[in-house]
Amino acid sequence: MDSTAAVADAFPELDEIEDDDLRARVVAAWATALEENAVDDVAALPWFPPAQRKHDITGETLVGHVRDVVRGSLALADSLADSRGADVDRDLVVAAALVHDIGKVYEFDGHDDTAVGRLVGHPYYGVHPVAAAGLPAAYAHVVLSHTDRTPVEPAFFEAVIVKRADEAAAAAIRATALDDLRDA
Ligand SMILES: [Fe+2]
């Protein structure tokens, strides 16, 4: 399977993006990340660099986490648009959530941290594949502002939504890890 097909297969939520050009650029950004890192199984990518991991966590994959963030972001956006009449760009929410952690593809190589992981960090390096795909600056902003690993604060509503959905999705993985330890 080529990388474009692999990305489409990994993220069914791409269908939520109405703008065909935007959807193609999100796929292209992910395809670039996979190709530049010679990733042949996108579903096997971990969410957290394996070398920094103290315990295996059930279901801890990058694709699973990104899908959690897309669905959580959409639920927040749709709820607030419904109850508050919030003016929200739904395509921006979905596409930004899909690329928010794309830099993580560059942070590890198998079980080893990469120089990108040690010296740059995923929110900074993630700007590269997003920009290379021709996505507007708003997407690089979400990549930079979604985590407290940078000093960049979300500058617009959709960026706040992705940041908060990401925090909740990450907390869900950590809660699962605690349950795993209790079961051990
Ligand atoms: Fe994330």
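V120 has a relative accessibility of 37% in this predicted model, and therefore counts as partly exposed, since the partly exposed class lies between the 20% limit for buried and the 50% limit for exposed residues. The residue belongs to helix α5, which covers residues 115-120. Together with L119 and Y124, V120 makes a nonpolar surface patch of about 300 Å².

Which residues coordinate the iron ion? The donor atoms are NE2 of H65, NE2 of H100, an OD atom of D101 and an OD atom of D166, at distances of 2.0 to 2.2 Å. Along the chain these donors follow the spacing H-x34-H-D-x64-D. Within this set, H100 and D166 link distant parts of the chain, being 66 residues apart, with H100 in the loop between α4 (90-99) and β1 (108-109) and D166 in helix α9 (residues 157-183). H100 has a relative accessibility of 0% and so counts as buried, and D166, with a relative accessible area of 10%, is buried too.

The angles among the four donor atoms run from 83 to 176°, and the site of the iron ion is irregular. The reason can be followed from the cut-offs, because a tetrahedral site would need all angles to lie between 85 and 135 degrees, and the computed range of 83 to 176° is given for a site classed as irregular.

Turning to the aromatic side chains, the structure holds two aromatic pairs, which are set out below.

| Pair | Distance between ring centres | Angle between planes | Arrangement |
|---|---|---|---|
| F11 and W30 | 4.9 Å | 50° | tilted |
| Y106 and Y125 | 4.9 Å | 55° | tilted |

The pair of F11 and W30 links distant parts of the chain, for F11 is in the loop between α1 (3-10) and α2 (20-36), while W30 is in helix α2, 19 residues apart. Both F11 and W30 are buried. Their planes stand at 50°, so the pair is tilted, because stacked rings would need planes under 30 degrees apart and edge-to-face rings planes over 60.

Where do the members of the other pair, Y106 and Y125, lie? Y106 is in the loop between α4 and β1 and Y125 is in helix α6 (residues 122-125), so the pair ties together parts that are 19 residues apart in sequence. As for accessibility, Y106 counts as buried because its relative value is 5%, whereas Y125, with a relative accessible area of 29%, is partly exposed.

Technical notes:
Residues numbered from 1 in each chain as written. Predicted model: local features only at pLDDT ≥ 70, side-chain atom pairs only at ≥ 80, totals over all residues. Heavy atoms only, no water. Donors = N, O, S within 2.8 Å, 3.2 Å for Na, K, Ca; no water. Tetrahedral: all angles 85-135°; square planar, octahedral: opposite > 155°, others 65-115°. Helix = DSSP H or I, 4+ residues; strand = E, 2+ residues; numbered from the N terminus. Buried < 20%, exposed > 50% of the residue type's maximum accessible area, 1.4 Å probe, protein only. Phe/Tyr/Trp six-rings, centres within 6.5 Å; stacked < 30°, edge-to-face > 60°. Patch = residues over 30% accessible without salt bridge, like charges linked within 9 Å, V, L, I, M, F, W, Y side chains within 5 Å. Areas by Shrake-Rupley, 256 points an atom, 1.4 Å probe, with all protein chains shown as cover. Salt bridge = Lys/Arg side-chain N within 4 Å of Asp/Glu carboxyl O.
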